[in-house]
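User: I'm new to this one and would like a close look at a single part. Please walk me through one helix and what surrounds it, at an easy pace.

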Amino acid sequence: MAEEKSALQSAREWVVEHKLRAVGTLWLSGIVGSIAYNWSRPGMKTSVKLIHARLHAQALTLAALAGSGLVEYYDHQQGSGSKVHQYAKQFLSSDADSSSSPQKE
């Protein structure tokens, strides 16, 4: 059970680190899968098959973006925060430390 949890945790961390890559990959696989599915259905024009593939991939992309937003919200609620918050804490704390220390002349 611990191995499954760590695999899930590592997958979640990868998605958090590479949100756009994950969404793009999901979009591309949606297009390919939808074209393959539509191509196996006879009686449809090629243009209709391509339009259906685009619509399916677009819906899948919107779902992936919503999922990415949920992951970001979950991370924010859990306190792990995103990279932006981590960088802000790092640089703001270093700026505050340097401005509060007295300068020697």
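Analyst: Let's settle one term before starting: a helix here is a DSSP run of H or I at least four residues long, and helices are numbered from the N terminus. Keep in mind, too, that you're looking at a predicted model.

Now for the setting. The protein has 4 helices and 0 strands, so its elements simply read α-α-α-α from the N terminus on. Of its 105 residues, 16% are buried. The accessible surface comes to about 8300 Å², with 64% of that belonging to carbon and sulfur atoms.

The part I'd pick is helix α2, which covers residues 19–39. Leu20 is found in this helix. Is Leu20 buried or exposed? With a relative accessible area of 73%, Leu20 is exposed, because anything over 50% counts that way.

Follow Leu20 across space and you get to Ser68: the two are 48 residues apart in sequence, yet their C-alpha atoms are 9.0 Å apart. Ser68 sits in helix α3, so this pair links α2 with another helix. Ser68 also pairs up with Lys19, at 49 residues apart in sequence and 6.6 Å from C-alpha to C-alpha. Unlike Leu20, which is exposed, Ser68 is buried: its relative accessible area is 14%, and the cut-off is under 20%.

That kind of long reach shows up in the contacts of the whole protein as well. Among those between residues at least 6 apart in sequence, 44% join residues at least 24 apart.

Back on α2, move along to Leu28, which has its place in this helix. Together with Trp27 and Val32, Leu28 forms a nonpolar patch on the surface, and the three share about 300 Å² of accessible area.

Our last stop is Trp39, where there's a nice detail. Lys49 lies over the face of Trp39, at 4.9 Å from the ring centre. Lys49 itself belongs to helix α3, residues 46–78. Where does Lys49 stand on burial, buried or exposed? Lys49 is buried, because its relative accessible area of 9% is under 20%. Leaving out residues up to four places away in sequence, Lys49 touches Asn38, Trp39, Arg41 and Met44.

And if you were hoping for rings paired with other rings, a search of the whole structure finds 0 aromatic pairs. For ring company, then, the Lys49 and Trp39 arrangement is the one to look at here.

Terms used
Residues numbered from 1 in each chain as written. Predicted model: local features only at pLDDT ≥ 70, side-chain atom pairs only at ≥ 80, totals over all residues. Heavy atoms only, no water. Phe/Tyr/Trp six-rings, centres within 6.5 Å; stacked < 30°, edge-to-face > 60°. Lys NZ or Arg CZ within 6 Å of the ring centre and 35° of its normal. Patch = residues over 30% accessible without salt bridge, like charges linked within 9 Å, V, L, I, M, F, W, Y side chains within 5 Å. Areas by Shrake-Rupley, 256 points an atom, 1.4 Å probe, with all protein chains shown as cover. Salt bridge = Lys/Arg side-chain N within 4 Å of Asp/Glu carboxyl O. Helix = DSSP H or I, 4+ residues; strand = E, 2+ residues; numbered from the N terminus. Buried < 20%, exposed > 50% of the residue type's maximum accessible area, 1.4 Å probe, protein only. Contact = heavy atoms within 4.5 Å.
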